[in-house]
Amino acid sequence: MTPDGWGWTAPILPLVVDAAVVIVVRLDATVDRLRTTAGRWPAALRWLTGLMTLLLNTGDSALKGDMTGVAVHSVAPLLLIVTAEAARSYRAAIGRAVEGIERSRADKAAADKAERERREQQQRADREQREAAQRAEREQREQRERAEREQSEARREQSEREAREHAERLERERLDRADRQAREEREHAAAMAREQREAAARQHAEQVQREREERAAVERQEHDRQQRERLAREQQQREAAERAARDRLTAEHRAAREQQERRFVNTDAPAVNKTMPTVNTKSPAPAVNTDKLSERAAREHIAAAVNANPGVTVRTLADETGWSIGWVSNRRQELAAAGADQ
């Protein structure tokens, strides 16, 4: 019987015991799944909780001496104890069975894996064999292509070498022709230059000869001119001396004649030159020289006047010499002809 004042604790004790039973059962299940054991304490805890449950269920009937109540109330705790132990055995058996199944599955998986690896190895070997065959075939093909390429390269190099040799031969021939043509051109240019030098030398010699001849001719002309000038100066000096003497004589004769004329001629009539040339009556008569020079003095005067002034008029010369225009014109023409002959 529960003492007075503690009646509220009666439901707590069965709850605690039931909670301990549930905990130990769950922990046993966890330990069994982990395929291990927790020792003897879990078994002691199971039996302790089972006995406490049995005592709590049958205690009141046992204290009252009610064996029937004890039997009836002991059913559930005993089933709980046996069920807990049996559950442990079940779990162990189920674990062994699961392990067997898992082992068989693992063995099957290992076998499958081994078979798969064998097949993969076989496939790999087949693939390697095919690859080796393909590689060998590829190498053979590459060798054939290499050989063909080498042959084509050799043929191409040979054709290029032949083309290069042909081009070099053509270039040598062209250079030889160019050298020969250049040599011929140089020889021709040298010959032309030599001919030009010879022609220039001849021309120079001819020019020097011409210049020498021209210089000699000029010297001769200069010598002749100087000789003529010297003779002309000597002649002019002689003529000047003669003219001076003649002028003195003429002056003396004129003075005598004038004195004689003043003695016998009428002083009202002007003296005229009976030999004065005919003049143009339509134009005013210029001043006339009343003193007529001698023929030699007139010739010298005309020559000196023409040499000094080639543009002097015939009338001026006639007035200065006292001779007629016709005579003066003839003397001037003679001087012009003599100058042209020189």
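These legends accompany close-up views of a predicted model.

**View 1. The whole protein is built from helices.**
The secondary structure comes to six helices and zero strands. Read from the N terminus, the order of elements is α-α-α-α-α-α. The protein has 342 residues, and 13% of them count as buried. About 26,900 Å² of the protein is exposed, and carbon and sulfur atoms supply 54% of that area. Take the contacts with a separation of 6 or more: residues 24 or more positions apart account for 62% of them.

**View 2. Helix H2 spans residues 41-64.**
How far apart should the ends of H2 be, at 1.5 Å a residue? With 24 residues, the helix should span 34 Å. The C-alpha atoms at its ends are 34 Å apart, so the expected span and the model agree. H2 also has a kink of about 50°, centred on Thr58. Thr58 is one of the buried residues of H2. The others are Pro42, Arg46, Thr49, Gly50, Thr53, Leu54 and Ser61. After H2 comes Gly65, with a positive phi near 80°.

**View 3. A nonpolar patch lies on the surface.**
Which residues form this patch? They are Leu45, Leu48 and Met52. Together they have about 240 Å² of accessible area. Leu48 is found in helix H2. Leu48 counts as partly exposed because its relative accessibility is 44%, which falls between the 20% limit for buried and the 50% limit for exposed.

**View 4. Arg118 and Glu115 pair in helix H3.**
Side chains of opposite charge can pair when their charged atoms come close. Here Arg118 forms a salt bridge with Glu115. The closest N and O atoms are 2.2 Å apart. Why are the two residues about one helical turn apart? Arg118 and Glu115 are three residues apart in helix H3, which covers residues 67-264. An α-helix has 3.6 residues a turn, so residues three or four places apart point the same way. Both partners are partly exposed: Arg118 has a relative accessibility of 45%, and Glu115 has a relative accessible area of 29%.

**View 5. Arg174 and Glu171 meet in a salt bridge.**
This pair also lies in helix H3. The N to O distance is 2.3 Å. Three residues separate the partners in number, about one turn of the helix. Are these side chains buried or partly exposed? Arg174 is partly exposed, with a relative accessible area of 41%. Glu171 counts as partly exposed too, at 33% relative accessibility.

**View 6. Arg331 joins a salt-bridge network.**
Arg331 lies in helix H6, residues 325-341. The side chains of Arg331 and Glu334 meet in a salt bridge, 2.8 Å from N to O. Both residues lie in H6, three residues apart, about one turn of the helix. Salt bridges that share partners join Glu295, Arg299, Arg331 and Glu334 into one network. Is Arg331 buried or exposed? At 12% relative accessibility, Arg331 counts as buried, because the cut-off for buried is under 20%. Glu334 counts as partly exposed, at 40%. Leaving out residues up to four places away in sequence, Arg331 touches Arg299 and Ile302. For the protein, the count comes to nine salt bridges.

Methods
Residues are numbered from 1 along each chain as its sequence is written. This is a predicted model: local features need pLDDT of at least 70, side-chain atom pairs count only at pLDDT 80 or more; totals for chains, interfaces and linings use all residues. Side-chain values use heavy atoms; hydrogens and water are left out. Helices (H or I, at least four residues) and strands (E, at least two) are DSSP runs, numbered from the N terminus. The expected span of a helix is 1.5 Å times one less than its number of residues. The bend at a residue is the angle between axes fitted to the seven residues ending there and the seven starting there. Buried means under 20% relative accessible area, exposed over 50%, partly exposed in between (1.4 Å probe, protein chains only). Contact means heavy atoms within 4.5 Å. Accessible areas come from the Shrake-Rupley method with a 1.4 Å probe; for residues, only the protein chains shown count as cover. Patches are made of residues with over 30% relative accessible area and no salt bridge: like charges are joined within 9 Å, nonpolar side chains (Val, Leu, Ile, Met, Phe, Trp, Tyr) within 5 Å. A salt bridge is a side-chain nitrogen of Lys or Arg within 4 Å of a carboxyl oxygen of Asp or Glu.
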